[in-house]
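Subject: A structure for you to look over

Hello,

I am handing over a structure that you have not met before. Please open it beside this message, and then read on for what turned up in it.

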Amino acid sequence: MHNEVNSLGRNAVAIDEDVVAGLGDRTIGPEHKGLPPAAWGHTVREFLATAPSLDQFETPLLTIDRSAVDANVARMAEWARAAGVRLAPHGKTTMSPQLWAQQLTAGCWGITLATVWQVQVARSFGVARILLANALVDPVGLHWVAAESAKDPDFEFVCWADSVETVELMDEHLRPAPGAAKVRVLVELGGPHGRTGARTVEQAHAVAAAIAAAQRLTLAGVGGYEGALAHDRTTEGVDTVRHYLDELARLHRDIAAAGQYSDAAIVTAGGSAYPDLVVERLAGLADEQGAQGVPTSVVLRSGAYIIHDDGFYAGISPFAASRSDHPLRSAMHGWARTISRPEPGLALLDAGKRDLPYDEGLPVPQFVAGKGGSAVDPAATVSALNDQHTFLRLPEGSEPPVGAVVRLGLSHPCTAFDKWRLIPVIDDADAESPRVVDLLHTFF
C-alpha cells in the first residue's frame, strides 16, 4: 500500500499496490495483440522472466519507453511542487493502473477520470481520491458512489455540475441512496463555444446556490477545462485561455466570500496543453492551511504528460523541446512492417486506424528498425491510414524493403492506449534490439 497525507492532513491510501502487482499473474493469450504465440498460456510474470526482446513480438505494435515515462513523471512532479499546485492526472489517457500507481507514488494528489465506469475500475484497484471531471446524473452510478462512500469513509470522491437542472436531478436520485454522506460537487464553468460548463459566472453562481441548498450534495469548489476553448498557442488562443482562467478564479473568490463552501475548496483546471497558464492564473489561490480564509487546493488534471508525443503535444505543450530546458519526451512509438511496395514512392505498412492514433495528426516515420537500421528519408510522410494499412510516401528509391520494420512517432496518447489491452514497455526505443521489461494492462 502507498500512503500519503492529503491536503487536509488526513492519511489516505492512494492505491492498493498489491492489487496492481497482481496484474502480473494474468495469463497472456491470443486476445493480446502483438504478443507472440510463445507467450500464450503463460502469466505476464513468467513471460517477462524470459527477458524477451522486441524482435520476438509481432507487428503492428505499440510500445512504451520506460526511461521516457520515468523522466516525464519526475519532471511534472517537480514542476507542480515548485508551483505550489497539486496533480490529479487524468487517468483516461492510459487507463493503466500500473501507471496510475507510478504517478501516485511520485506524489500525485489523486486520479481524475471521465466516467463513472472508469471510477469503478479505479476503485477496484483501491484508488482513494478520485475527481470525476464530468457531471454524474446516472442514477445507477450515483447510488454506487453513495454505497461506496458509506462502505469506505476514506474514499474521497468529487464530481461537478454545470446547471441547476443537473443539481436537482443528482439530489433527487441520491435521496433514497444508502448512507448519509453527501456527494462533493464542483461548479463547472465553461465558455462560449466550449464543451460543458455554465457559460457565465452569473449562471455558475446559480449552480453553486443549488448545490449548497441540496440535501445530498455539498459545494466543494470550482472547476473546468480550458483546453476546449483554444487549440494552439497563438496570441488569440492564449488570451482566450487566460481570460477563462481569470473568470474561474473570480467565481471561486465570490463563492468563498459568500461563505458557501462547507469546509475546504478545490479549484481545478488544466489539460496537458496549457498547464503553465493554469499555474500563472490560478496558483495564487492555493491556501491549503486556510491562512486567507477557506483552505483551498489548486489541482491540475493534466493526463498526457506521462506519455507526451511526437505530434500535437510536442507542438503545444509548454514542456516541448522548443520551449523548455527540461522537456518532456515522447514515450510511445508504433512499429509497423512493410508488406507491399506497389508503386514507386509508396510503401504499405501493416498498421492502421485500429492500431495507432490519427485524430490529432498522422504517424511520423522515424527510422527503419533492426540491425543496421537507418533513418527514414527526411521527406517521408504518412499520407493516410486505413483500418489496417499505413500509406508511407517517400522519394522513389528510398522505400524500405518488404519485411522491414519502421518505427513511427505518434500523436495523442489518449487515442493510442485504447487500442491495446497489453502494451510492451521497452528499456530504450533507440536501441538496436530493445528489451521488453514490463507489460502494461489497460482497461477500456
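Two strands count as paired if DSSP finds at least two bridges between them. With that in hand, Glu188 is a good place to begin: this residue stands opposite Gly223 in β9. The two strands involved are β8 (residues 183–188) and β9, which pair in the parallel sense over 6 bridges. Please keep in mind throughout that this is a predicted model.

**The open sheet**

Strands β8 and β9 belong to an open sheet of 8 strands, with the order β4-β11-β10-β9-β8-β7-β6-β5 and parallel pairing. At its edges are β4 (86–87) and β5 (111–113), each of which pairs on one side only. Elsewhere in this sheet, 5 bridges join β10 (residues 265–269) to β11 (residues 296–300), and these two strands run parallel. Within that pair, Ile266 is found opposite Ser297 in β11.

How many of the residues of strand β9 (residues 217–223) are buried? The count is 7 of the 7, so the strand is largely enclosed by the rest of the structure.

On edge strand β5, have a look at Thr112. Is Thr112 buried or exposed? Its relative accessible area is 0%, and under 20% counts as buried, so Thr112 is buried. Leaving out residues up to four places away in sequence, Thr112 touches Ala88, Pro89, His90, Gly91, Lys92, Leu131, Ala133 and Arg301.

**A hairpin and its neighbour**

Now turn to strand β17 (residues 390–393), which has a covered face with Thr390 and Leu392 and an uncovered one with Phe391 and Arg393. In a regular strand the side chains alternate between the two faces of the sheet.

β17 forms a hairpin with β16, with 4 residues between them. β16 (residues 381–385) and β17 run antiparallel and are joined by 4 bridges. β17 also pairs with β13 (residues 346–349), again in the antiparallel sense and over 4 bridges. Phe391 is a handy residue to click on here: Ala384 has Phe391 as its bridge partner in β17, and Leu348 stands opposite Phe391 as well.

**Two helices**

Helix α4 (residues 97–105) is mostly covered, with 7 of its 9 residues buried. Those buried residues are Pro97, Gln98, Leu99, Trp100, Ala101, Gln103 and Leu104. Just after α4 comes Gly107, which takes a positive phi of about 115°.

Gln203 sits in helix α8 (residues 201–213). Its relative accessibility is 42%, which is why Gln203 counts as partly exposed. Between Gln203 and Val164 there are 9.0 Å in space, C-alpha to C-alpha, although the two are 39 residues apart in sequence.

**The nonpolar cores**

In soluble globular proteins, nonpolar side chains tend to be buried together. Here the largest nonpolar core has 130 residues, and those that touch the most other members are Ile64, Trp100, Phe157, Val187, Leu217, Leu282 and Ile307. The element that gives the most to this core is helix α9 (residues 235–257), with 8 residues. There is also a second, separate core of 10 residues, including Ala88, Trp109, Leu186 and Ala220.

Which residues does Phe157 touch, not counting residues up to four places away in sequence? They are Val119, Ile130, Leu132, Leu136, Val145, Val183 and Arg184.

**Empty space**

Rolling a probe the size of a water molecule over the atoms shows where empty space is left. The largest pocket has a volume of about 580 Å³. It is lined by 34 residues, and the closest to its centre are His90, Lys92, Arg195, Tyr225 and Gly271. By class, the lining of this pocket holds 14 nonpolar, 14 polar and 6 charged residues.

A search of the whole structure also finds 2 cavities of 30 Å³ or more. The largest cavity has a volume of about 50 Å³. Among the residues that line the largest cavity are Met76, Ser272, Pro275, Tyr305, His308 and Phe319. What classes of residue make up the lining of the largest cavity? It has 7 nonpolar, 4 polar and no charged residues.

Happy exploring, and best wishes

Notes. Residues numbered from 1 in each chain as written. Predicted model: local features only at pLDDT ≥ 70, side-chain atom pairs only at ≥ 80, totals over all residues. Heavy atoms only, no water. 1 Å grid on protein atoms, 1.4 Å probe; cavity = no way out; pocket = protein on both sides within 12 Å on 5 of 7 lines; lining within 4 Å. Points joined across faces, edges and corners; volume = space filled by probe spheres on them. Nonpolar A, V, L, I, M, F, W, Y, C, P; charged D, E, K, R; others polar. Buried < 20%, exposed > 50% of the residue type's maximum accessible area, 1.4 Å probe, protein only. Core = buried A, V, L, I, M, F, W, Y, C linked by side-chain atoms within 4.5 Å. Contact = heavy atoms within 4.5 Å.
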